[in-house]
Structures are given as structure tokens and as C-alpha cells.
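Load the model in your viewer and colour it by chain. The tour goes from the interface to a pocket.

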Amino acid sequence: MSARTARLLGPQRRNLWFWVFVGPFAVGLGLFTYVPLLWSVYLSFFNAHNTVNPTEFVGLGNYTAMLGDDAFLGSLGTFLLFTAFIVPATFALSLSLALMVNRLRFAQAFFRSVFFLPTACSYVVASLIWKLSLFNGVRFGLANTVLGWFGLDQTAWLSTTSPPWYWLVIVTVRLWLQAGFYMILFLAGLQRISPQLYEAAAMDGARPGWQVFRHITFPQLRATSVAVLLLLVINAFQAFDEFYNLLSDARGYPPYARPPLVYLYYTALGRDQNLGLGSAGAVILALIIAVATVVQARWFGLGRKED
Amino acid sequence: MHDALTRAGRALRVVLLVALALLFLVPFYLLVRNGLAGEADITAPTWAFFPRELHWSNLTEVFSDPDLPLGRALLNSTLIAVSTTVGTVVLASMAGYGLARIPYRHASVVFYAILGTLMVPAAVTFVPSFVLVSTLGWISTLRGLVIPTLFSAFACFVFRQYFLGFPKELEDAARVDGLGYWRTYWRIVVPNARPVFAAVGTIVFIGAWNSFLWPLVIGQDQSAWTVQVALSTFTTAQNLNLHELFVAAGVSIVPLVVVFLLLQRYIVAGVERSGIDD
């Protein structure tokens, strides 16, 4: 190494170059993630109607208001219910798709593309198809036409709350949009399983099918499964697009299906513009997500390598 | 007997796969069908698989409707998606390289500070971020729509992981030739890391093109609407032309389907290599 490069690579230079490379990103992340977070915490202690420069300190008032607000608690309930439907459904469907596609001897790329293609669709476009064509009101929807073939009654899918048919619409949109993405994760996991394990299982007399899946495939997919579950729950927490686009119309948004982000959107940026209250809600939500992520990661031992 | 059972099982699986594939394609069919149908066909009392007539003129009509600023929205979406993708890839790859390759005493502190933001989903900070952007006077501007979204901890993480596994010999050779970090990075590392750039780039592009909450909150003026916001405004409005809406939606997914079909293998490779399932 020449004297010149040695000088260039000296510790002082290295520190400088580290910040040349990492600095712009770190500063931006600080400015647009950490600053809003801290600002949010600050705002949440103030009465901030229609203003971002509040003067009236209310202490924990916004927090107690939020935690005593049935609508906010209801939004958390909506999230829990949504998670209870969407997480197992997506998990089962994407794993099944991966297992079926993985064993295909022909047209594997074709089927993989078909199932992955909805990933390219936005929630807005998918909601439009679901709302105005597939599950449309009482007339001219595909679902109602199919029901008609079997002589069944037509349903106003999005406005029927008992039984909650709107739930079917909301869950299927997300299922369609995201199953292909998780299928790819499972496919990656499946490809890492050593063929020798299957050979050994066959020697031990395990019948292909359920037995092999239960004792070899599924345990080997543990790390992938944990990551998929974690991502599914975090994404469910952020559900906004499909709820907003499926359920709101010119008359407003129905109160029975507001997940947290939709609720915060209307609180902070709706007619009230109550940014203090909205910030308190955002802080509570961020804490819940952080705790849930850490607990879940600990619980499943995320990051631990398989034996 | 056993053989016959396996064969039957395999056949059943193929039938099931074909059925599921058709089910997954139905929404795309509905999009195209309604886009090309006349209004009467879409709202017909009984739904028919094929519309009675096809209106190819819908394709041009939708661009001339003054109520639905589709051309402008497409332009905005393109500008936003392209600049977000370029910006994110440049910033995150540089940071990822610095974290992976330049020895610095506090590098791990910086890394965990970046990683920690993954725990706070961007969507949850939309209220304070909105406050910040409006304080800066960036509402309804390209800056406001793009700059706050450029700092993706996820992208930085993917690049760092990739560069950690990058063969060091190439860089050592460059150093011996007297290249500093800056030139080593741009002349040697970047050209040899094209797959990860393509993978992260496509994922970011898809995310930026499809994002909705941020453009809804920040792009308030009609002149700043993205395609997604424009479409959403019309699905939730009272009087709408369904066929126009479906054409517009169909047009809006074309860029992504093209990107997707061209770069699919990079997306798949990127997802597989990103380490999120490790």
C-alpha cells in the first residue's frame, strides 16, 4: 500500500468518509422520522386545535381523553378483529400456494407470476374493483350474479352490518393483494430446505404428504413463518387504504369499521383538525406496535438461527 | 394402488392451482371488461361475462374529461415515483455501504438508530410528519410528497446486508490502485451490485406508485393529486362515470405491470436475499 493510500485510509479520514456516506441518510432520517416522533410527543401534551404551534398545556389530558374514547378503543378492537381474520387467512393461503407452486414440474414461473401479479396493484385500484364491480350493491355485481345462479338472495355487501358482510369484502381485498408476496417468502424458505432431509424421511418410512409436511417441511420453515407473522401483524396495524376506499363515500365514513389509522386520520386531519389528540393517539399506537413487535420477536426467538 | 393415489393427488393439485389462478385473475378481467364496456353494460341489472359491445374510444375519452385530471395525475405519479426511487436508492445504498465497509467506532450505534425506525411504521408518524411538512410550507408540493419518504431504513438495511456479503477483493484491488472510498464505491462497487439496485429500485418504485395515505394527506390541491388520490376521489364521489373510472384504473396499473413483468426476477431475488426471512 502506498503512503498516499495509507494516509487516505487513516482513522481521521475514515471517520470523515463514514459520515460522507452515511450522513445524508442519517440526517434525513433524523429530520423526517425522529423529529416528527418527538414533535408528536410534544404536541400530545397540548391542546392543538387547528394549529401546529400550540400554547395551552394540557398534560396527560389528550392521553386520558384518547384512552377513555370509545371510538379510539373501538378502532383498536377493529384492528384486533381484522388481524384475527387476515393473519391466519394470508398465512394459510400463501403457504399453500408456495407448497403447490414449489412442487410443480411445469409452468412454475407462470403460476408464480399470476399469484404475485396483484402485488403490482394498488389498494385504491383493488378497492375500486371490489367496491364497484365484484361486490357491488344489490345490482350488477359479480358476487350477486353468482349468488343468483344458485337462487340465493342478493346482498348489499358493503352496507350490511349484521351479518357483517362488509368484513368479507375488506378481508378478501387484502388477501388477494398480499398473498403472492408472502408466497414468495415461503418459496424462498422452501428452496433452502435440504433435499437430504426428505430422503432421510423417506428412508424412515414417512409417507409423502401430511407426515412429511408436519415433521420436516413446517419445522424447517420456522424462521420464515415467524417473519411472515411479524410482517402480517405490522401491516395489519397500518391498514388504511382499503378501509378508506371501500367504506367512505360522499356521505362520509361509517363509524363501525374504523381501524386505528383511519380513526387518527379523521381525528387529526378531519373537520376537527385536532392535532394534539391525534398525536396522542399516534404515540399510543407507536408504543403498542413497538411493544407488540418486541414481544412477538422474543416469543418466537426472531433472529435465532435454525439448528 | 399407491401410485394411482399419488397421481390422483397430483392431478387434484393441478386442478386446484388452475382454479386459484383463475380466481386471482378475475379482478384483472373485471378491470379490463368494465374499462372497455359502455356505462349501460356496467350497470346492467344482470351481470354478463362479456359486455354487449366494446368501446375502445373509452381509452381516449378518459384523458379529455376535465373533471378527472388523469394526465396531470399520471405525470405527478411518474415524477414522484421516479424521484423517490432514484433518491432512495442513492441515499440508502451509500449509507448501507458506509455501514458495511467503513470502520467507524460508533457505526453500530448509528446502525441501531436506523434499524429502530423500522419498529415505528411510517404510517403511524403521518400526523407529526404532516405537521412538519406543513410547517415547512411543503403541502401540495413535489418536495413535500417526495423528500420525507426518501429515507427508507428498510432499503438501507437491505443494501448493508448485500454489501457485507460483497467480495472484498475487488475493493482491495481498487485501493491498491489508489482509489479512495468515493471512487471505489461509484466505479467498482455500484457497477458490480446491479441486481440489488434493481431489486430495491423496483420495490421502492412499486411502493411509491401505489402509496396512498401520504399523497392523500400532503397532495391536497388537485394539481398535486397522484393517480391513486385522483381515483380515490372519484370512487368516493357521488356522480361518476364508471367506465371512465375503470379505464383510468387500468391505465394506472400499466406502468407497474410493465416494470413488474420486466424485473420480476429481481424482485423475487431481492425479496429472497433481503434477509427478512432469515
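Select chain A and chain B and show the polar contacts between them: in this predicted model, nine residue pairs are in polar contact across the interface, with both residues at pLDDT 80 or more. Now look for salt bridges between chain B and chain A; the count is zero.

Next, select the residues of each chain that touch the other. The selection should hold 94 residues from chain B and 99 residues from chain A. Between them, about 9,100 Å² is buried, and carbon and sulfur atoms give 78% of that area.

Keep the chain B side of this selection and highlight α1(B). This helix supplies 16 residues, the largest share of the side of chain B that touches chain A. Colour that side by residue class: 70 residues are nonpolar, 18 polar and six charged.

Stay with α1(B) and move to the second largest pocket. Which residues lie nearest its centre? Select A:Leu99, A:Arg103, A:Pro208, A:Gly209 and B:Arg13 to find them. They belong to a lining of 30 residues, and the volume of the pocket is about 920 Å³.

To see the elements around the second largest pocket, show α4 (70–102), α9 (195–203) and α10 (210–220) of chain A, then α1 (2–36) of chain B; each supplies at least two lining residues. The largest share, nine residues, comes from α1(B).

Finally, colour the lining of the second largest pocket by class. You will find 18 nonpolar, seven polar and five charged residues.

Conventions. Residues numbered from 1 in each chain as written. Chains lettered and ligands numbered in written order. Predicted model: local features only at pLDDT ≥ 70, side-chain atom pairs only at ≥ 80, totals over all residues. Heavy atoms only, no water. 1 Å grid on protein atoms, 1.4 Å probe; cavity = no way out; pocket = protein on both sides within 12 Å on 5 of 7 lines; lining within 4 Å. Points joined across faces, edges and corners; volume = space filled by probe spheres on them. Helix = DSSP H or I, 4+ residues; strand = E, 2+ residues; numbered from the N terminus. Nonpolar A, V, L, I, M, F, W, Y, C, P; charged D, E, K, R; others polar. Contact = heavy atoms within 4.5 Å. Buried area = accessible area lost by both parts, 1.4 Å probe. Salt bridge = Lys/Arg side-chain N within 4 Å of Asp/Glu carboxyl O. Polar contact = N/O pair within 3.5 Å; in protein donor to acceptor, adjacent residues only side chain to side chain.
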